[in-house]
Amino acid sequence: MSGRRGSPGAGKSPRRAAGGSPEGRISDGRTPEDRTAQGRPADGSQAGQTSQAGRAGQASRTSRAKPKAKRSTKEKVLWATAGCTALLVLGGCAVYYRLNSNLTTFDGDALSKDRPAAAAPDSQGRTPVNVLLIGSDSRGNGNSDLGGGGDGGARSDTAILLHVYADHKHAVGISIPRDSLVTIPPCKLPNGKWTKEQTNAMFNSAFSVGNSDQGNPACTQNAVEKLTNLRVDHTIVVDFNGFASMTKAVGGVEVCLPNDIHEGDLNPNLGKKGKLVFPKGKQKVEGQSALDFVRVRHGIGDGSDIGRTKRQQAFLSSLIKEVKSRGMDPTTLLPLADAATKSLTVDPGLGSAAKLLSFAMSLKDVNLHDVKFVTAPWRYEGPRVALLHPDSDQLWAALKADRTLDGQDASATAADSAAPGTPAAEATPSPTATTPVPGAKGGEAKPADVKVAVLNGTGATGLGGKAAEAVKGAGYTVTSVGNATGKPRATTVVEYGAGERAAADAVAKLFPGATVQAGGKGVSVVLGHDFAAANPAGAADPSASASPGGAPAAPAPVPSSVANAARSADDDPCANVSYG
């Protein structure tokens with residue numbers, strides 16, 4: 001290719017006007033000596049006339065050659081453009097080749113045989129995608145020079161389940177604390193054998209099963225699917241080298257710290273404060289400094305891993321913002337992928353440059369404000385972390401139903417809610433979190449303002465929880481779930497107190513055949529055997545609620561404590577970066 005760029009044909013036209021032609025040639029390609037010899041008679045008698053005629057002809061031809069000079073300039077531009085385009089194409093092909101050559105895929109046979117079902121396409125053929133992002137601190141592949149684990153094997157300090165909604169315009173990343181106590185299902189070892197299920201195990205220990213420098217991403221994926229009842233479509237593992245290279249490829253990432261960070265905060269074993277590493281406030285980091293930022297725990301907040309998770313979410317938000325500002329196209333994405341290619345391990349479904357690029361390009365229509373990050377609901381369990389129930393269950397169920405954190409259905413369109421042949425604008429809405437109900441004083445009230453107690457009057461177990469999920473799924477607030485006193489009831493009754501009749505009527509619509517009667521305070525649902533008959537034990541999927549009568553209902557809304565704590569990718573990088 002370099003030889004072509006240096007040749008006359010690479011950027012110059014061989015046909016030029018006189019005075020600018022190589023080797024003394026003029027517009028018709030003959031030398032002056034050729035033209036003189038051709039016009040001179042043997043006896044020289046008409047040499048002067050011939051010379052004058054030659055000069056006149058030359059002038060005429062030179063005059064006619066001037067327009068060709070302009071075309072020659074255009075030709076040079078076209079040649080140069082073609083050459084540059086060829087270089088870009090070949091450069092892109094070179095990146096594709098490197099990606100295909102260097103991408104590492106893990107063993108697909110190591111995935112669990114008992115997996116959640118894949119998400120079904122929506123009415124427009126769109127399907128939500130779940131991607132598990134794992135940060136590995138393996139000391140292999142030169143990572144020990146960047147601060148990789150001091151012992152053999154690999155650990156995972158970061159795990160984020162990214163749910164890309166069916167509309168591919170919303171996405172949410174759920175951070176799973178590394179110290180969470182979970183059940184790890186059987187996992188395949190490097191020798192081909194399978195482990196036994198582990199209960200009450202630390203979540204990040206799944207990645208270390210097998211004790212290899214490559215880690216065990218399939219085991220972590222198995223653990224996430226067991227925990228969430230969500231099918232993980234793709235898994236991507238990035239180690240320290242890949243992370244550092246990507247931050248350099250984008251020219252650094254803007255971050256913010258609430259206070260100064262010193263060497264002793266990065267390495268508590270140092271025994272002294274040490275030099276200043278990060279000053280307080282906004283700054284750009286890349287390479288080693290970017291790694292230090294996402295790994296630092298001490299010297300900020302309570303020094304917990306929960307605080308570090310918040311900074312990782314802030315970092316990813318800024319990274320996404322930086323990439324999108326450059327344009328979500330191959331020109332931006334290929335160099336970024338190339339920077340990480342030698343340090344990237346993916347599932348077999350992403351094991352080629354084309355597949356990796358296609359997935360990245362599918363995210364180009366997601367606005368920064370619609371990219372959210374939250375941490376799975378948790379509480380401290382001694383030195384470890386326990387995931388909160390039912391809060392975390394409601395979060396996973398919302399994702400399985402493709403519901404955003406604010407309760408919107410990302411799989412649905414306006415037409416989806418309309419009856420066949422009915423214009424969407426005229427469709428009758430069902431009770432949801434956004435449908436107002438008649439208030440006590442004749443005005444409109446939000447469903448969330450209606451407080452409902454659920455009492456099981458059947459004697460059968462588990463029905464109260466099912467009914468409560470249906471009530472919460474419609475947007476009402478469930479104040480309590482318990483057993484009714486007295487004899488079992490044959491039919492379901494919705495009782496109401498003073499001024500609550502309109503609200504009771506609205507709630508009763510969730511329970512076909514229920515009667516409404518005055519009694520007690522507020523609104524209470526007392527379940528009867530008719531509800532038990534419509535909801536036999538074991539019929540319902542524990543991850544998604546069903547409305548009475550078997551009709552599908554929206555899952556319980558994500559707890560406000562979770563939704564309100566979410567970070568958007570366009571948030572201030574200085575906000576919400578520590579805990580405690």
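Reader: Before I look at single residues, what do buried, exposed and partly exposed mean here?
Author: Buried means under 20% relative accessible area and exposed means over 50%, with partly exposed in between. Please keep in mind that this is a predicted model.

Reader: OK, so is Tyr579 buried, exposed or partly exposed?
Author: Tyr579 has 31% relative accessibility, which lies between the two cut-offs, so Tyr579 counts as partly exposed.

Reader: And how many aromatic pairs are there?
Author: The count comes to 6 aromatic pairs. One of them is formed by Trp378 and Tyr579, whose ring centres are 5.5 Å apart and whose planes stand at 70° to each other, an edge-to-face arrangement.

Reader: Where in the chain do Trp378 and Tyr579 sit?
Author: Trp378 belongs to strand 14 (residues 378–381), while Tyr579 is in the segment after strand 23 (567–568), and the pair links these distant parts of the chain across 201 residues.

Reader: Is Trp378 buried or exposed?
Author: Trp378 counts as buried, because its relative accessibility is 17%.

Reader: Switching topic, why is the pair of Phe511 and Phe531 called tilted?
Author: The planes of Phe511 and Phe531 meet at 50°, with the ring centres 5.9 Å apart, so the pair is tilted. Phe511 lies in the loop between helix 14 (501–508) and strand 21 (515–518) and Phe531 in helix 15 (residues 529–534), so this pair ties together parts 20 residues apart in sequence.

Reader: Are those two rings' residues, Phe511 and Phe531, buried or exposed?
Author: Phe511 counts as buried at 2% relative accessibility, and Phe531 counts as buried at 4%.

Reader: Which residues do ring pairs link into a cluster?
Author: Ring pairs join Phe243, Phe278, Phe293 and Phe315 into a cluster.

Conventions
Residues are numbered from 1 along each chain as its sequence is written. This is a predicted model: local features need pLDDT of at least 70, side-chain atom pairs count only at pLDDT 80 or more; totals for chains, interfaces and linings use all residues. Side-chain values use heavy atoms; hydrogens and water are left out. Rings of Phe, Tyr and Trp (its six-membered ring) pair if their centres lie within 6.5 Å; planes under 30 degrees apart count as stacked, over 60 as edge-to-face and the rest as tilted. Helices (H or I, at least four residues) and strands (E, at least two) are DSSP runs, numbered from the N terminus. Buried means under 20% relative accessible area, exposed over 50%, partly exposed in between (1.4 Å probe, protein chains only).
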